[in-house]
Structure formats: structure tokens, C-alpha cells
Amino acid sequence: MTVQNEVNLSDLRCLCDPSMFNFETTADIEPLDQVIGQERAVRAITFGLEMKSAGYHIFVTGPEGTGKTTIVQEIIHKAAKALPTPPDWCMVNNFKDEYRPRALPVQPGHAARFAKSLNRLVSDLKIRLPREFQADPFREKVIEIQKKYGQQKKDHFDALDRSALEKHLKVEKTPSGYQTIAMKGEAPYTEEDFENLSDQERAGIEETVQAFQEEVQAAMREVNRLNHTQQKEIQQLAGELTRFVLKNRFDLIRENYQDQQGILQFLDELQEDMVDNVGLFLPRQQETETNGDAPADVMELSLNRYKVNVLEDRSGMEGAPVVFEPNPTYQNVFGRIEKKAFMGTLVTDFTMVQSGSLLKANGGFLILEVESALAHAQVWESLKRALQNKMLCIEDMAHDMGMGTASLRPAPVDLDVKVILLGGYEPFQILQNYDPKFNKIFRVRADFDYEVVRTDETVRLYAQFIARVCRDESLLPFTPDGVAAVVEYGEKAIDSKNKLSLRFGSVTGVIKEADYWAKKENADRVTATHVVKAFTEYRFRYNLYEEKIHDNYVEDTIMIDVAGEEVGQVNALAIYQMGEIAFGRPSRITAETFMGKSGIINIERESKLSGKTHDKGVLILSGYLGRTFAQRYPLSLSISLTFEQSYSGIDGDSASSTELYAILSSLSGAPIRQGIAVTGSVNQKGQVQAIGGVNQKIEGFFDVCRSKGLTGGQGVMIPSANVKNLMLKKSVVEAVKQGQFKIWQVATIEAGIEILTGKTAGKPDAGGNYPPETVYGRVQQKLETYLKQSLKLKKEYAPGK
């Protein structure tokens, strides 16, 4: 049985034969131009990119290091090149509501040119308009208008004076208006003269003044009407002159944008606003004399209304934009409204609006990492709202939260963007289960695998991948045996002989480090020796803790027997994880059985050092013991089970078969070979199930045995289901080849106990009895003894005895 269960030497490691490669170095082959082993993800991404209906945004999942970010970007960039380049975007003034500026689409590559043309226009008008308004023709017409209406106003005042003279009154202009004064001859009445008049005379004068005041008011209304008419004519004259100056200049600009209706409409609005506010271009002499340079600043701020704020300029872009936003804060994604200090306060206008990555990607693709987006709750909610409504709103967050001064609220921008979220399985599951809008918006899931079936084709693709890395990173080319070593690393990385790792992040690291060691030796190519050196050095940099743990075994600080036999004691195997480094080491499990009814006492559980999965594994042992030995009578025993010298938490069920072997040994009295370490979980039917980390566990026990001395009787017993996962290091394979170490595979507990004890497990007869000389027969005898003794004691100590 023991020999039958030994794993074949060829099953311990899958070797990649360098002779399968028909090149001298990877410089002789074409670099990889396709994706390895991700057909499901690639098809999903392609479907999502080509699906134009609403809600078909893409959520990409997969483990870290599978290259999903790189692959996604490559696929999207390829798709983007086949699409038309979307328009540029400008923010322009809304002359009807300056707090509501609007975004203006411009043909790609034209935004900056459009902005410059308007800047030149304003600069030209700042010179030309004052010159035209100061020219003789305009001034003469203004003077003519002023004379015409001045004479009419003079006529009204002359008539008023004549009427006043007839009534012995006089009209005088004062700072507060026109005052009517009663006259006594050639001079106004003095206060004394007025007091000396009779009451009748004073009343008559006051009545005359009151009546004349109505004439004054009527004359003033007429003068005001003439002033208004005069000003209107002057404004009309200024408007005609302004239109004349603007027309040719605007027509030249319009010629360049005949097919862009939005720009033409804006130019019409801009031209009318310049006509209405031509005073902005004219000097303010009085303010200049009073405030020095301040009016110039005010003038510049006023003329900002005619600027064009280029939000996005796609000059030189081919195809649609692809934007990856590494820091998706609200401002980085949606844009911001900046402010600056001016004359003791904060001011802003549409020229200080800045775009975010959503607008940069408008008409193309935006890639975000979901964990980073979810870190900002406002970003996630606003993103969903923007994608559902297909509208982008650039808002002032401080104002919306009630913590800012009055700000702008730009009009929404039409949004046409495909969003691709990158993330792991956990955020995907949370969003899918708890965010009702998520499934309506992100209907396409692209799931990246971490492994691919090992075939000659995938191995050749691995070689092409190495060639690509060498080309992109300017590395030395790899020889066939160097490529084979990388392929074997890809197999070992996922613990499988039949598959290759798709975690290209770590594979690329090995390639780069192998190149480093090759250049260190002044080599012109990378060989298998350099690849092994890279992996060994990497391990050395990270395995200090592993060495410290190993020293405890060598110095017998941690007690482990690797020779001899013991009853109720088995070497289990555990995995230690330190960042990216995992290693295995043995741990002693002991079981003590005795009379009682407590069943299995899990000391780790009682001391709260046991995880839920480990607790489940221990409880399964009760099911197996009951199924095997309690079909005719109940079990009456107590079992104390523990990991010796374990002072931290334990979880997982990979030691459940080991614990069962210890219990069977304790009950049967059959000693267990201490040179054998065991791993594997077990179900209630006694079938040994696969576990993880099988290579690290075997190598860990091998290291301990080698340090204590290999005897040829040492080895590891693993589940049969794990044979396909074996990719053992070469030192272990060589020891097995030399007969110094062994690997056994078992599918059942019965097979395992026979290897550990060297005795037959036993098979029950029709009555359920096991042969007495077998392991299970001795267990059955011990359990019967416990039961009989407990019944005997129960009778002896029964009440009334």
C-alpha cells in the first residue's frame, strides 16, 4: 500500500523543455500582440465598447497583478482610434445670465484658435473703438446733436425766464434744483420786506410762486425729454459706428466657422453685447484721475466677458480620447470653479471654470479604479447621476455645501462617455447587492482570470510576452532555457503543473530582475541561471522571518520529531504568509482519549484561538467517528485535541485529516511514524480533500528534515487531488529521486492511517465488526471498553446502591 501511494517522480514537477523553442533568443521572435488566456474578459470588454445603448458601462474585475489595467487600456486605445475625434469644448459667457455660463462645442482642434481670434478682436477693438469715437467725424456729429438739443433746451429756459419776469419772479439754478424767487423791482424780496407786506399781499405772492412752479416742472420735464432724446440719438450714432467697426471683423471670424451653428449664434450674441456695452472699450478719464491705475484693472475684468475659456482642446488627437483618472476626487472628475482675491473679496467668472476628466473623456472613454471612486461618496453618487442623465454639471462644491460665497452655476454639458471601472470582486459584489442603480448603469462585467491552461501554444505565447517586455523595457533577450525557467515560475506561482499564471505583474518582476543579474555579469543574454538567481535573491530579501522560524526548529525551541514513532502524535503542516511570501512549516498535533461524554474538546476553540473554518473541520471529525464506530452503540469518550506550541490564531480545515489520524492512533494505541507530515481536509465519509499551499507545505517540512538529517523514511502525505498542483523545488525532487524523501498521496483516511502506522486499517464484516488486529479493530475494542466501563460505573453509583 505504501509503495502504491507514492507519487511518481514525474508528477513532482513539470519541466519546460527548452528544445521546444526554435529561436536563439527572444530577440528573434515577434513580441506578443494579443492577450493570453483572457478570452472571456476581452469579449466582454469588446461587447461593452461596441454597445451604444444606455447603461452598458463596463465593470472590470480580477485579482491584482493580472495586467487588467494594461490590457483594458490597450483594448480601449485600439477601439478609440477607430472612432471620430469628438469636439473641443469652450466655456463662454451667457450674456443673458452671467451666473449661468454655457459650454460651447467646437470642431476638434479649433477651440484654441477660436479663443485666440476673439482675444485679438478685443485687443484690436480696445485701440480702434476709442480712436473712432475720438475722430472728428463722430465728434462733429455728436456736437451737432448736442447743439440741436441744446438750442431747444435754451429756448425752453428763455421762455421760462420771460414768463417769470412777467410775474415778477426769477428762476435760479441751485445744487438741489431750480428755485423760484419773488422779485421787488430789480431785487428779490428781503425777509423784512416780505414780513412788512399785508397778509393778502403775501398770499398773492405765494400763490403766484406756486402756480409758476408748475411751469418750471413742465419745462424741466420737457428738458429731460430732450436730454433723453439727445442721449438716444448719440447712442444710436455710437451703435451705428460700433456696428460699422465690428462688422468686417466679425465677418472674417464667421467665415472660418460657417458650418458650426453654435459658434455663429454665439458670435451674433457677442456682437450685440459689444454694441450695447461699447463703453467698456472707451477710456474713463475721470476715474483714471481719481483712482490711478484701478480703472484699468476694472476695465480688464469687464472685458473678460468677451473671452473664451478653452476647457478641452483636442488638437493633434487621432480618434476618441481615453482618459485614466488615478485620483478621482470630485474636482478631478467633474471640474472646478476657481476663485481669486480682488479688492478685498473673492471673485470668479466663467474664465476660471476648469474641466475634469469626465469632460476630457467626453466622446470617448474614462477609466476609473472603483475603490478610489468609492472613497469619495460625492463622486460616486454624482457619477451615477451624470451617466444616467447624460449630463455633466460643473458645480462649486463649497457653495453646494453652504460654505461659500455666491458662485457660478454653468449650464449642463451633454455627456457621451463610456466609463470603465476597475476593481476587485468584493466591491463588485457589494455594489451589485446594495446599490440598486449599479446594475442599471454597469451592465457589462469583464472578469479577468489569474490562470490559463498550459499548452504548447500558451507556452509559446509566454515566450512572446517575454520578448515584448524585453522590447518595451529595453532588457537583454532571453535564451530558450531562460524562457523555460520563466514558464516554470509561472507554473509554480499558481501551484499547478497543468496551468500557467496570468499574474503578469510578478512575472514581469522576475524578467526585470533576471535582466539585472545578467547585466551584473556582463552577459549579453538572460539564461536560466539568471532567472533562478533573480528568484533566489528575491526570496532572500523577504525571508528573514522564515529563517527565524526555521532556526526554532533546528534549535529544538519548537519541538518536532522527524524520526521514530509516537502514539496520538502527528506532524501537521501550516502556511505562514508574510506579504507576497508564503512558506510552510510543521506543527505537532496531539490527541488524548479517555472515558467521558464530552466528545472532542478542541483546545484551540476553548482558548479562542480557533477560526470558524477550523472549528467546522473539528466538528466533522465527530461525524466520521460516529459513522464508522457508533452504528451499534453510542460513543462514550472524551478527546482532547490541540496544536502544540501554538500561541496565535489557527484557521482552515487542512489539518482535519491530521487531527483524525492522531485520534485514531490514540484510541488504537498504534504508533505513528514521526518522519511523515500530513496535510489534507476530510469529510464525514472519510474522504481526504484538496488543500491549498501544498508545495510550500512539502518544501517547509523538507527544509526541517534536511536540517535535522534526512533518513530516507521521511516524507509528506498529501491528498490525491493535490498531485496536479505539485511544482516542487528542484532540491526536493532530487531528494526524492535519491530515495531520501518521499511524497505519498491518499484519497481516504483508511489509506492514510495505513501509511502512518504500517498496519492495516481494517474492513468491517456484515455485523459491523472490524478484525481485532487492525487499527480500526483496536479502536472499536477501546470504544467498547469505554462503554462497558461507563455502564458498569453507572450501575455502581446508581441511586439506591
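User: Which residues of helix 6 and helix 7 meet in this model?

Analyst: In this predicted model, helix 6 contributes G239, T242, R243, L246, K247, F250, I253 and R254, and these meet L264, L267, D268, L270, Q271, E272, M274 and V275 of helix 7. Sorted by class, the residues of this contact comprise eight nonpolar, three polar and five charged.

User: What makes helix 6 roughly parallel or roughly antiparallel to helix 7?

Analyst: The axes of helix 6 (residues 199-255) and helix 7 (residues 261-276) come within 10 Å of each other and cross at roughly 155°. Since angles over 145 degrees count as roughly antiparallel, helix 6 is therefore described as roughly antiparallel to helix 7. The handedness of this crossing is right-handed.

User: How do you know the relative direction of helix 4 and helix 6?

Analyst: The reasoning again starts from the crossing angle, which for helix 4 (residues 136-166) and helix 6 is roughly 175°, with the axes coming within 10 Å. Set against the cut-off of 145 degrees, that value makes helix 4 roughly antiparallel to helix 6. The contact between helix 4 and helix 6 involves 17 nonpolar, seven polar and six charged residues.

User: What describes the way helix 25 passes helix 26, left-handed or right-handed?

Analyst: Helix 25 (residues 694-708) and helix 26 (residues 730-737) have axes that come within 10 Å and cross at roughly 65°, and the crossing is left-handed. On the helix 25 side the contact is made by I698, E699, F702 and R706, and on the helix 26 side by S731, V732 and A735. By class, the contact of helix 25 with helix 26 holds four nonpolar, one polar and two charged residues.

User: Why is E659 called buried or exposed?

Analyst: E659, which sits in helix 24 (residues 656-668), has a relative accessibility of 2%. Buried means under 20%, so E659 counts as buried. Leaving aside residues up to four places away in sequence, E659 touches I589, H614, V618, L621, L641 and F643.

User: And what makes K533 buried, partly exposed or exposed?

Analyst: K533 belongs to helix 20 (residues 528-542), and its relative accessibility is 32%. The partly exposed class lies between 20% and 50%, so K533 counts as partly exposed. K533 is also separated from E734 by 201 residues in sequence, while the two C-alpha atoms are 19 Å apart in space.

User: How do you know to what extent helix 27 is enclosed by the rest of the structure?

Analyst: Helix 27 (residues 749-757) has nine residues, and eight of them are buried, so this helix is largely enclosed by the rest of the structure. The buried residues are I749, A751, G752, I753, E754, I755, L756 and T757. After helix 27 comes G758, which has a positive phi near 75°.

User: Why is the protein chain described as spread out or as a compact globule?

Analyst: The protein chain, which has 28 helices and 30 strands, has a radius of gyration of 47 Å, whereas the globule rule gives 28 Å for 801 residues; because the value is well over that figure, the chain is more spread out than a compact globule. The C-alpha trace spans about 155 × 90 × 50 Å along its principal axes. Across the 801 residues, 47% are buried. Among the contacts in the protein chain with a separation of 6 or more, 77% are between residues 24 or more positions apart.

Conventions: Residues are numbered from 1 along each chain as its sequence is written. This is a predicted model: local features need pLDDT of at least 70, side-chain atom pairs count only at pLDDT 80 or more; totals for chains, interfaces and linings use all residues. Side-chain values use heavy atoms; hydrogens and water are left out. Axes are lines fitted to C-alpha atoms, for helices over the stretch in contact, and angles run from 0 to 180 degrees between N-to-C directions. Helices (H or I, at least four residues) and strands (E, at least two) are DSSP runs, numbered from the N terminus. Angles under 35 degrees count as roughly parallel, over 145 as roughly antiparallel, 65 to 115 as roughly perpendicular and the rest as oblique. A crossing is left-handed if the near helix is turned anticlockwise from the far one by less than a right angle, and right-handed if clockwise. Contact means heavy atoms within 4.5 Å. Ala, Val, Leu, Ile, Met, Phe, Trp, Tyr, Cys and Pro count as nonpolar, Asp, Glu, Lys and Arg as charged, and the others, Gly among them, as polar. The radius of gyration is taken over C-alpha atoms; the globule rule is 2.2 Å times the number of residues to the power 0.38. Buried means under 20% relative accessible area, exposed over 50%, partly exposed in between (1.4 Å probe, protein chains only).
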